[in-house]
Amino acid sequence: MDKKYMRNRNTADINRVSARCLRVIIYFLVLFYTFIFVIKEYDVTILSVSFGACVIFALIPAVLISIFKQEGHGYIRHVIVWCTTIISTILITQLNSIAYPFILFPTLISSLYYNRTFVLYTSMLMNAGILGSAIFQIYFPELVLNPQFTGFDGRFVEVIITLLMIEVIMSFVAFFIVDRNSSMIDKYIDTAMTMQQNENYLIYAFSEISETKSKETGEHIRRVAEYMKVLGRASGFDMDYCEKLAAAAMMHDIGKLMIPEEILDKPTRLTEDEYQIMKNHVLYGEALLKDCPGEIMQLAATLAKEHHERWDGKGYLGMKETEIAYIARLITVCDVFDALTTTRSYKKGWTIEESYNEIVKNSGTQFDPEVVRLFIANFDQFREIHERIPDKQIY
């Protein structure tokens, strides 16, 4: 996770907020239209077309975000600002002084993005809208409800210069506010990134303690975490959630801290009693994590408890199919694949091809068929991770 990603994530959140603002504007436009319609004897056709156009432009960002899920794309903020500028221009063209406060609307929206250049860019757009509105009234008076300008005379200069000055002054006020907010947000992002890095380091260190007990699987947690990122992205989760899944996955075997080493490292087959003790590590892991605050710890508690469950219900706790959390169905594939390819005290590691075939063969019995499908589609990434993070002996 880097600063650029976190800024993009904030931009996506602001895009959603801005789109909601425009949806609220729609209700205001309906009320405003009704008010104007009742108190003024305007041309109904021109009034209806003008307000209808405003509603359409207010809906465009909502459609792109809510239906097409484009909130994370950089162009959306430009669409939002263009739409608000067009709405403001239409209103001041048709309603003149009644709608003049709307010239500040695009600047207010742009200031949400804590980008100084974007504020000035929006101000230039609105200034162009103000000039365009006045020129439109002069050349197409028959399409305007109540034209304020008939030519480029003294009134034109007086009104337009006043509006442009108001817009410029407000844009500079917004510029300095955004400048301060941008610095504060950068500090917040830096702090958040530092805290996340420290948390991940502690999680990894804590998880490695449990792995070290077996003296053979020091890189297991790293590989499983990377495999979880692959399946998380393939499942459609955003990057932030995939990072959390990866961190949580590192703690899936934390319950082994409570298992005696003579059982963990036994080179021969476990007795029935020893196997029952080993199975308890999933409950120990859940008990250690379930009361810890934070989303990562809650995800980790679920993974610790359910990572040995099977799709057919023959796992440690007898859960089956969708009774098993989806993220636990993901880690089951990741964990088993890594276990198969790893040499441990009681077995030799399989080849990556043998491990792949075993996962595919057990689709619908041990593993969720949909997760296996994602595994197959992304197997090249599993292979790359397996080769990039080789196991090492821990003494």
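Does C54 count as buried or exposed, and at what relative accessibility? In this predicted model, C54 counts as buried because its relative accessibility is 0%. The cysteines make a friendly starting point for a walk through the structure. A disulfide is a covalent bond between the sulfur atoms of two cysteines. The structure holds zero disulfides, and C54 accordingly belongs to none. For C54, the nearest cysteine sulfur is that of C83, at a distance of 11 Å. Two sulfur atoms count as a disulfide when they lie within 2.5 Å.

A second cysteine, C334, can be described along the same lines. The cysteine sulfur closest to that of C334 belongs to C242, and because 11 Å lies between them, they are too far apart for a bond. As to its surroundings, C334 has a relative accessibility of 0%, so C334 counts as buried.

Attention now turns to a pair of helices. Helix α11 covers residues 281-289, and helix α12 covers residues 295-306. Their axes come within 7 Å of each other and cross at roughly 165°. How are two such helices oriented relative to each other? Angles over 145 degrees count as roughly antiparallel, and α11 and α12 are therefore roughly antiparallel to each other. The crossing in which α11 passes α12 is left-handed.

The residues that bring these two helices together can be picked out in the structure above. On the side of α11, they are V282, G285, E286 and L289. These meet M297, Q298, A300, A301, A304 and K305 on the side of α12. Sorted by chemical character, the residues of this contact comprise six that are nonpolar, two that are polar and two that are charged.

Two further residues, a serine and a threonine, complete the picture. S355 sits in helix α14, which spans residues 352-361. With a relative accessibility of 0%, S355 counts as buried, because buried means under 20%. Which residues does S355 contact, once its neighbours within four places in sequence are left aside? The partners are F337, L340, T341 and W350.

T268, by comparison, is found in a loop, the one between α9 (261-264) and α10 (272-279). Its relative accessibility is 48%, so T268 counts as partly exposed. A look at T268 together with G236 links the sequence to the space it occupies. These two residues are 32 residues apart in sequence, and the distance from the C-alpha of T268 to the C-alpha of G236 is 41 Å.

Technical notes: Residues are numbered from 1 along each chain as its sequence is written. This is a predicted model: local features need pLDDT of at least 70, side-chain atom pairs count only at pLDDT 80 or more; totals for chains, interfaces and linings use all residues. Side-chain values use heavy atoms; hydrogens and water are left out. Axes are lines fitted to C-alpha atoms, for helices over the stretch in contact, and angles run from 0 to 180 degrees between N-to-C directions. Helices (H or I, at least four residues) and strands (E, at least two) are DSSP runs, numbered from the N terminus. Angles under 35 degrees count as roughly parallel, over 145 as roughly antiparallel, 65 to 115 as roughly perpendicular and the rest as oblique. A crossing is left-handed if the near helix is turned anticlockwise from the far one by less than a right angle, and right-handed if clockwise. Contact means heavy atoms within 4.5 Å. Ala, Val, Leu, Ile, Met, Phe, Trp, Tyr, Cys and Pro count as nonpolar, Asp, Glu, Lys and Arg as charged, and the others, Gly among them, as polar. Buried means under 20% relative accessible area, exposed over 50%, partly exposed in between (1.4 Å probe, protein chains only).
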